[in-house]
Amino acid sequence: ISRRLGLRPRIAVLAALIVGLALAAGAVLLVVVLRTRLDDAASTAADLRARDVAALASADALPTRLALPGEESAFVQVVDETGSVVASTENIEGEQAVSPRRPNADERLLLTETIGPLDNGRMRIAALNAKSDDGVLTIYAGESLSELAGTTSVLIGLLIFGVPALALLVGVVTWWAVGRTLRPVRTISRALTEITASDLHRRVPVPATDDEIGELAHALRDSAQALWARMDATERFAADVAHEIKNPLTPIRSAIETLRRIEDPEKQRRLL
């Protein structure tokens with residue numbers, strides 16, 4: 001911050017910058033944490049749904065059409081070893097396999113893809129295998145990530161306007177607080193400019209606060225009082241010296257006047 005600015009604007013700008021940077025860092029952390037939590041929630045929901053359907057497949061109780069609460073933001077599809085769809089939820093019924101990728105053995109595979117028939121944008125898909133009488137079946141369970149995108153977009157929008165607004169508010173409050181704190185300093189400065197060499201008896205006003213500014217005012221008042229005492233002593237000393245000098249100067253002046261009137265060189269030499 002340029003030193004050409006006064007102390008008050010420098011402190012206000014510095015406070016606003018520090019708070020703004022802290023809020024910005026906190027905002028980034030908040031968005032990252034929120035995205036991570038929502039992403040984990042979508043992955044967990046898809047995984048649990050896939051495991052439930054896998055349990056049905058392993059028990060040979062898998063229906064052709066799967067019922068799924070909230071089909072507007074999720075789906076389930078079961079594919080056999082040949083890639084044919086053997087069961088699905090109604091919202092993707094009659095569609096091809098949602099992904100050519102398959103998990104190995106007992107591993108779980110997490111995918112992020114866009115499902116054409118569903119107008120939900122990107123989806124988190126949990127894929128796992130289940131053994132049944134018809135062979136190994138692959139279950140794909142998807143959960144929409146639109147809530148994640150929508151929530152984070154709203155949050156980012158709020159933070160884009162909120163962080164600068166809060167930083168500005170901090171700057172304004174700091175400006176006011178510093179001005180109120182420095183008000184006694186301005187009063188002291190005006191009093192100092194009004195004190196002259198002939199008016200040293202004036203005193204610096206001392207604020208009724210027990211802080212650093214109060215200490216400064218006391219120090220300035222004591223310094224002015226000491227200076228006034230020193231100047232007063234100097235003036236009294238000069239007056240005393242002037243008075244004392246008058247006694248020897250009077251006969252010297254008379255002798256000089258007499259010397260000027262004497263015409264005899266010998267008498268002038270003796271008198272001199």
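**Close-up views of the predicted model**

**View 1. S43 within helix α1.** S43 is found in helix α1, which covers residues 7-58. The model shown here and in every view below is predicted. With a relative accessibility of 8%, S43 falls under the 20% limit and therefore counts as buried. Apart from neighbours within four places in sequence, S43 is in contact with L110 and R124. Both ends of α1 enter the next comparison: at 1.5 Å a residue, its 52 residues should span 76 Å, and the end C-alpha atoms are 75 Å apart, which agrees. Just after α1, D60 takes a positive phi of about 55 degrees.

**View 2. The largest nonpolar core.** This core has 17 residues. Those with the most contacts inside the core are A50, V53, L66, V76, V78 and I139. Two or more residues come from each of α1, β2 (74-79), β5 (122-132) and β6 (135-144). The most is given by α1, with 5 residues. For V53, once neighbours within four places in sequence are left aside, the contacts are L62, L66, V76, V78 and I139. A second core, separate from the one above, has 12 residues and includes V79, I92, L109 and I115.

**View 3. The open sheet and its edges.** The sheet is open and has 6 strands in the order β1-β3-β2-β6-β5-β4, with mixed pairing. At the edges stand β1 (65-66) and β4 (109-114); each has a single partner strand, so one side of each is left without a neighbour in the sheet. Helix α1 packs on the sheet and touches β1, β2, β4, β5 and β6. The direction of α1 makes about 25 degrees with that of β5.

**View 4. Pairing around β3.** Strand β3 (residues 85-89) pairs with β1 in the parallel sense over 2 bridges. Within this pairing, L66 has T89 in β3 as its bridge partner. Strands β2 and β3 run antiparallel and are joined by 3 bridges, and the bridge partner of V78 in β3 is A87. The hairpin of β2 and β3 has 5 residues between the strands, and in it G83 takes a positive phi near 95 degrees.

**View 5. Strand β6 and its two partners.** Of the 10 residues of β6, 8 are buried, so the strand is largely enclosed by the rest of the structure. On one pairing, β2 and β6 are antiparallel over 6 bridges, with A74 bridged to E143 in β6. On the other, β5 and β6 run antiparallel and are joined by 10 bridges. A hairpin of 2 residues joins β5 to β6. Two residue pairs illustrate the match of these strands: A130 has L137 in β6 as its bridge partner, and M123 stands opposite S144 in β6.

**View 6. Helix α3 and its bend.** Helix α3 (residues 212-261) has 50 residues. From its first C-alpha to its last, α3 reaches 72 Å, close to the 74 Å expected at 1.5 Å a residue. A bend of about 35 degrees occurs in α3 at P248. Among the residues of α3, I213, G214, A217 and A224 are buried. In an α-helix there are 3.6 residues a turn, so residues three or four places apart point the same way.

**View 7. A255 and L272.** A255 lies in helix α3. Its relative accessible area is 32%, and A255 is therefore partly exposed, as this value lies between the limits of 20% for buried and 50% for exposed. A255 and L272 are 17 residues apart in sequence, while their C-alpha atoms are 8.3 Å apart in space.

**View 8. The whole protein as context for the close-ups.** The protein contains 4 helices and 6 strands. Along the sequence these elements follow the pattern α-β-β-β-β-β-β-α-α-α. Of the 272 residues of the protein, 28% count as buried. Among contacts between residues at least 6 apart in sequence, 49% join residues at least 24 apart.

Terms used. Residues are numbered from 1 along each chain as its sequence is written. This is a predicted model: local features need pLDDT of at least 70, side-chain atom pairs count only at pLDDT 80 or more; totals for chains, interfaces and linings use all residues. Side-chain values use heavy atoms; hydrogens and water are left out. Buried means under 20% relative accessible area, exposed over 50%, partly exposed in between (1.4 Å probe, protein chains only). Contact means heavy atoms within 4.5 Å. A nonpolar core is a set of buried Ala, Val, Leu, Ile, Met, Phe, Trp, Tyr and Cys residues joined through side-chain atoms within 4.5 Å. Two strands pair if DSSP finds at least two bridges between them. Axes are lines fitted to C-alpha atoms, for helices over the stretch in contact, and angles run from 0 to 180 degrees between N-to-C directions. The expected span of a helix is 1.5 Å times one less than its number of residues. The bend at a residue is the angle between axes fitted to the seven residues ending there and the seven starting there.
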